[in-house]
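Let us walk through this model together, one step after another. Keep the sequence and the picture side by side as you read.

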There are 2 protein chains.
Amino acid sequence: MKGDKRPIGIFDSGLGGLTVYKAVRELLPGENVVYFGDTARVPYGTKSPGAVIAFSKEISRCLFDRKIKFLIVACNTASSLALEEIRRISPVPVMGVISPGVDAALAMAPRRGRILVTGTSATVASRAYSLALLGERPDVHVVEKACPLFVPLVEEGWCGKPLAVLVAREYLAAFKNKKFDAVILGCTHYPLLKKTIRRVLGPRVRIVDSAMAAARVARQALAAAGILNSGRFGKAFFMVSDAPGRFSELALRLLKIKTGEVAVKRF
Amino acid sequence: MKGDKRPIGIFDSGLGGLTVYKAVRELLPGENVVYFGDTARVPYGTKSPGAVIAFSKEISRCLFDRKIKFLIVACNTASSLALEEIRRISPVPVMGVISPGVDAALAMAPRRGRILVTGTSATVASRAYSLALLGERPDVHVVEKACPLFVPLVEEGWCGKPLAVLVAREYLAAFKNKKFDAVILGCTHYPLLKKTIRRVLGPRVRIVDSAMAAARVARQALAAAGILNSGRFGKAFFMVSDAPGRFSELALRLLKIKTGEVAVKRF
């Protein structure tokens, strides 16, 4: 007996959540995973709370039908706006990516430390990170900055171009010498721009990759609930709401993930 | 009697179609207009034909319910992929933005002329412009180039930044000295980047703005059908599928359009 073989569900607005999938694969190689990317309605980051909640519940229900044992909401926007609503309808434990990132950042920040949060317009407008950070540690100083062009830049596969540095500079150069103790990448696309962001903010800046932080918390939660699968060769199954070919192609090009056949579920 | 007072319907995936709305206002000041932006599912340009067709039919039905007399599909992607499907369910005449742009470009191109088409990934992948251009004039030489970052750049309000020139250069610098007789802006967002595109392609390049071309064709079609409204003060009514506040704010900032109250219709 290698433990609970039911899959973990991971969902995102598109392919950004694949950074979480990759971290889960690395830390929990035995787990089976069902990934759902809502590619028909991507991006979520510029949409209203009502829309994000409705879309998130639809995707979650689809994953419950696949008999998952645990759900990771791998989209910061959905985690900011829809987590409670998903938990209300979920038969299994649900985690988001905000609180793991918050805990990792607070571990780096001294008393009265300074934390910079980057994210989509919707995530920043929700103030989910500020509220969570200050809820745990009212002494820290938090600045949030929306970087809406980062997602399309990643989706275009331009992370390595000089242009990426210019876009990052446009958003972040003003923060370079402000002595932040931690910078949270509050969008699952952003780890793909980590080097670029480091180049703009300086080599000493400590970056919290919410994908990796989320995978660590998932491992703890699965172990605590006694539903870990300690095998070695977990399987993955990918679903999208549109354009499976494009999803496969970008997963391979940007993240070196071979998806195999991608299923399509239309809403 | 000032003619037919029923409104013209204009639809787009988001706010790009407002360039068509503006051109219609200018050429047909007496017409009442209902504009629908599918802001819950924008952008269409990276989505599959099946999704674009389904979304387009939903929006069109919603405009038919508002008793429109004429429908302008002001989204190049929807015009490329869904025009026939919309016509099949429409009780009123329907026009897209592809064929007006094609005719305007062909008027500029001599025999064996060269035409460059810029557009979203979906529009370029559909080859709608190439097929239409070559269908009318098999002698011309057509090159199509997808510029997926232009739409988010416009939506960020960065059209005037030096960065916009760099993005345009990334896509278009290779075409600078290729002696094109006409360049089609095959996306309704792109007229907002017209100056930038001219800077990259050179001052002599002749740019076809499909928004203005579409408004001219609409005027002819309305006159021919005897349903023109020759009054002077047409009214506008705006609808979106999500985030009306953001739509209003961007309409004002990018295009100086005062939308007034924006209605929301969720799907």
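In this predicted model, the contact between the two chains draws 16 residues from chain A and 16 residues from chain B. On the side of chain A that touches chain B, α7 (150-155) and α8 (162-172) of chain A each supply at least two residues. Of these, α8(A) gives the most, with four residues. Sorted by class, that side of chain A holds 10 nonpolar, one polar and five charged residues.

How do the two copies sit relative to each other? Two copies of a chain are related by a rotation about an axis and a shift along it. Here, a turn of 180° and a shift of 0.0 Å along the axis lay chain A on chain B with an RMSD of 0.0 Å. The two copies are thus related as by a two-fold rotation axis. If you want to find that axis in the picture, look for A:Arg41: in chain A, its C-alpha is the one nearest the axis, 2.4 Å from it. The contact fits this picture, as 100% of the interface residues of chain A are also interface residues in chain B, so the copies meet through the same surface.

Now let us turn to a single chain. The domain assignment splits chain A into domain 1 (8-96 + 212-264) and domain 2 (98-210). The C-alpha centres of domain 1 and domain 2 of chain A lie 22 Å apart. Where these domains of chain A touch, 27 residues come from domain 1 and 26 residues from domain 2. On the side of domain 1 of chain A that touches domain 2 of chain A, α1 (18-27), α3 (76-89), α10 (210-224) and α11 (244-255) of chain A each supply at least two residues. The residues on that side of domain 1 of chain A comprise 13 nonpolar, 10 polar and four charged ones.

Next comes a sheet in chain A. Six strands form an open sheet in the order β4-β3-β1-β2-β9-β10 (chain A), and the pairing is parallel. At its edges stand β4 (94-95) and β10 (262-264) of chain A, each with a single partner strand, so one side of each is left without a neighbour in the sheet. At the β4 edge, two bridges join strand β3 (residues 70-73) of chain A to β4(A), and these strands run parallel. There you can find A:Ile72 opposite A:Met95 in β4(A).

Helix α1(A) has already appeared at the domain contact, and its buried residues are worth a look too. In α1(A), A:Leu18, A:Thr19, A:Val20, A:Tyr21, A:Ala23 and A:Val24 are buried. What do the buried residues of α1(A) pack against? Their partners are the strands β1 (8-12), β2 (33-37) and β3 of chain A, along with α10 and α11 of chain A.

For a closer look at strand β1, let us move to chain B. Five of the five residues of strand β1 (residues 8-12) of chain B are buried, so this strand is largely enclosed by the rest of the structure. B:Ile8, B:Ile10 and B:Asp12 point one way from β1(B), while B:Gly9 and B:Phe11 point the other way. To strand β2 (residues 33-37) of chain B, β1(B) is joined by five bridges, and the two run parallel. One pair to look for is B:Ile8 with its bridge partner B:Val33 in β2(B). Between β1(B) and β2(B), the chain crosses through helix α1 (residues 18-27) of chain B, and this β-α-β crossover is right-handed.

Strand β1(B) also pairs with strand β3 (residues 70-73) of chain B: four bridges join them, and they run parallel. Here B:Ile10 stands opposite B:Ile72 in β3(B). Two bridges then join β3(B) to β4(B), again running parallel, with B:Leu71 opposite B:Val94 in β4(B).

Our last stop is back in chain A, at A:Ala146. This residue belongs to strand β6 (residues 141-146) of chain A. Is A:Ala146 buried or exposed? A:Ala146 is buried, with 21 other C-beta atoms within 10 Å, where 20 or more are needed to count as buried. Leaving aside its neighbours within four places in sequence, A:Ala146 is in contact with A:Gly119, A:Thr120, A:Ser121 and A:Val124. From A:Gly9, 137 residues apart along the chain, A:Ala146 is separated by 28 Å between C-alpha atoms.

How values were computed:
Residues numbered from 1 in each chain as written. Chains lettered and ligands numbered in written order. Predicted model: local features only at pLDDT ≥ 70, side-chain atom pairs only at ≥ 80, totals over all residues. Contact = placed C-beta atoms within 7 Å. Nonpolar A, V, L, I, M, F, W, Y, C, P; charged D, E, K, R; others polar. Least-squares fit on C-alpha atoms with pLDDT ≥ 70 in both. Buried ≥ 20, exposed ≤ 12 C-beta atoms within 10 Å, placed from the backbone. Pairing = 2+ DSSP bridges. Right-handed = clockwise from strand over helix to strand, strands pointing away. Domains from an automatic or database assignment.
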